[in-house]
Amino acid sequence: MKIKFKIRYIIIAAINLLAVISTVILTAVGSSMAKSQSYNYAAERWGGKKGDYSQISSFFSNDSGFTTESVSAVRSQILGELKNISITPEEGKTLVPDAYSAPIGSATIRCDISGRSEAELTAVGGDFFAFRNFTLLDGSFFSKDDIMQDGAVIDKNLAWALYGSEKVSGMNIYINGVKFYIAGVIDLPGTEAEKKTAGSSPRAYISYDMASQVSADGSVSPDNPDGAADSGFKRVSCYECIIPNPVENFAYTTVKSILSEPYKGMVSIVSNSERFEPKKRAKAFKKLSDLAVRKDSVIYPYWENASRVVEFKLSYIYSARKWLFAVPILTALWLAFLGLRFLRRKKQHIKHTVERFFDKVRITIRHKLHKNTKTTD
């Protein structure tokens, strides 16, 4: 009987140990997967401390009508909401950094020698490269403050296809006959999720100013309503910003209140800073179908699709971790129950044992006091 009793407790202890080890492993795996999607941590890179700022991304359908002018309007509204709670920008500093982008389409890119390649073009504005956290292999990123906006950032595949090297910053390329210089060369997507969603096509990123020239004949982007030379390329499918977050969900709620009604059914708003939190992902496990099947017409860039893949996997990981947490908790409750039952059964015995103990203590104290009194006399 005693042997069976011991085996039972050994098995329970082993199960609990396995549950704790599995929990630690799942936590490490989940954390590593989340951090691999580095673009979601732009707020921490900007603010330096988790929670002070929140990164919010908004993705629009092609027929939403969201443009570069809309970006300015939304930015002003966000600053107005912050002013209402007495948060204003310091002199010379940006309070709400933001970025916007849209795919232009595929184009044939040529260089000064015989190289040429098809590539996917993306128009970018604001602090786009600060949000992306691309790995720069050569050169530098162009910025909104550059006097000339004719720089292009290309990926390693395109650099090799054109010039047979990735050290090509400063070289010329031609898109639809429009001349650019290569500002920088970036590495290819590194994570498994990014590789799957990005595809194998070379990529190039250019400014909105130059996108208007490239798409002037409408041949690059057939679905672009703003491709005409007189209006310029203005379409925005991805708007991102980093907002001070003095109270929980302030940033997300602010952007949602600004965009949800005018772009109902045409926008998807994501809180990047909180999307990978274990509690949120475990809770989302019950609604995975909403993540897997989209009912709107929003088209996501590859970096967002990669993060959504990771979200899907993390929902399984953190849901499993939650159930593993239950094993030691249930064991602790069971042990507490056994302890209470033992106390009830042995209540009288314990009471007598305690009374005898204190009786012995009192006798010992009296004996010592009596002995000390005799010594003094």
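**Exercise 1. A buried acid and its partner**

Is Asp98 buried or exposed, given its relative accessibility of 3%? Then find the salt bridge that Asp98 forms.

*Solution.* One thing to keep in mind throughout: this is a predicted model.

Step 1. Buried means under 20% relative accessible area. Asp98 has 3%, so it counts as buried.

Step 2. Now look for its partner. Asp98 makes a salt bridge with Arg75, and their closest N and O atoms are 2.7 Å apart. Asp98 sits in strand S2 and Arg75 in helix H3, so the pair ties together parts of the chain that are 23 residues apart in sequence.

Step 3. Check the other end. Arg75 has a relative accessible area of 27%, so it is partly exposed.

Why can such a pair form at all? Side chains of opposite charge can pair when their charged atoms come close.

**Exercise 2. The two sides of helix H3**

Work out which residues of H3 are buried, and where they lie around the axis of the helix.

*Solution.* Step 1. Start with the helix itself. H3 covers residues 68-84, which makes 17 residues, and spans 25 Å from its first C-alpha to its last. That is close to the 24 Å expected at 1.5 Å a residue.

Step 2. List the buried residues: Thr68, Ser70, Val71, Val74, Ile78 and Leu82. Looking down the axis of H3, you'd see them within an arc of 140 degrees, so they line one face of the helix.

Step 3. Turn to the other side of H3, and you meet the exposed residues Ser76, Lys83 and Asn84.

Step 4. Ask what the buried residues of H3 pack against. The partners are strand S2 (98-111), helix H7 (208-214), strand S9 (238-244) and helix H8 (250-259).

**Exercise 3. Positive phi angles**

Find two residues other than glycine with a positive phi: Ser86 and Asn176. Say where each one lies.

*Solution.* Step 1. Recall the usual pattern: most residues other than glycine have a negative phi.

Step 2. Take Ser86, whose phi is positive, near 65 degrees. You'll find Ser86 in the loop between H3 and S2. With 65% relative accessibility, Ser86 counts as exposed.

Step 3. Now Asn176, with a positive phi of about 55 degrees. Its place is the loop between S6 and S7. At 33% relative accessibility, Asn176 counts as partly exposed.

**Exercise 4. More salt bridges**

How many salt bridges does a search of the whole structure find? Describe two of them, starting from Glu90 and Lys156.

*Solution.* Step 1. The search gives 9 salt bridges.

Step 2. Glu90 pairs with Lys93, with an N to O distance of 3.5 Å. Both Glu90 and Lys93 are exposed.

Step 3. Lys156 pairs with Asp187, and here the closest N and O atoms are 3.5 Å apart. This pair links distant parts of the chain, 31 residues apart: Lys156 is in helix H5 (residues 156-163), while Asp187 is in the loop between strand S7 (178-186) and helix H6 (192-198).

Step 4. How open are the two ends? Lys156 is partly exposed at 24% relative accessibility, and Asp187 is partly exposed at 28%. Elsewhere, salt bridges that share partners join Arg275, Glu304 and Glu311 into one network.

**Exercise 5. The buried side of H5**

Name the buried residues of H5 and the elements they pack against.

*Solution.* Step 1. The buried ones are Leu158, Ala159, Leu162 and Tyr163. They cover an arc of only 100 degrees around the axis, which puts them on the same side of H5.

Step 2. Their packing partners are S2, strand S3 (116-126), strand S5 (151-155), strand S6 (172-175), S7 and strand S8 (203-207).

**Exercise 6. Patch and whole chain**

Find the nonpolar patch on the surface, then zoom out to the whole protein chain.

*Solution.* Step 1. The patch is formed by Val354, Phe357, Phe358, Val361 and Ile365, which together have about 440 Å² of accessible area.

Step 2. Pick out Ile365, found in helix H12 (residues 347-376). Its relative accessible area is 45%, so Ile365 is partly exposed.

Step 3. Zoom out. The protein chain has 12 helices and 10 strands, and 41% of its 377 residues count as buried. The chain exposes about 21500 Å², with carbon and sulfur atoms supplying 58% of it.

Key. Residues numbered from 1 in each chain as written. Predicted model: local features only at pLDDT ≥ 70, side-chain atom pairs only at ≥ 80, totals over all residues. Heavy atoms only, no water. Helix = DSSP H or I, 4+ residues; strand = E, 2+ residues; numbered from the N terminus. Expected span 1.5 Å × (residues − 1). Buried < 20%, exposed > 50% of the residue type's maximum accessible area, 1.4 Å probe, protein only. Arc of directions from axis to C-beta. Contact = heavy atoms within 4.5 Å. Patch = residues over 30% accessible without salt bridge, like charges linked within 9 Å, V, L, I, M, F, W, Y side chains within 5 Å. Areas by Shrake-Rupley, 256 points an atom, 1.4 Å probe, with all protein chains shown as cover. Salt bridge = Lys/Arg side-chain N within 4 Å of Asp/Glu carboxyl O.
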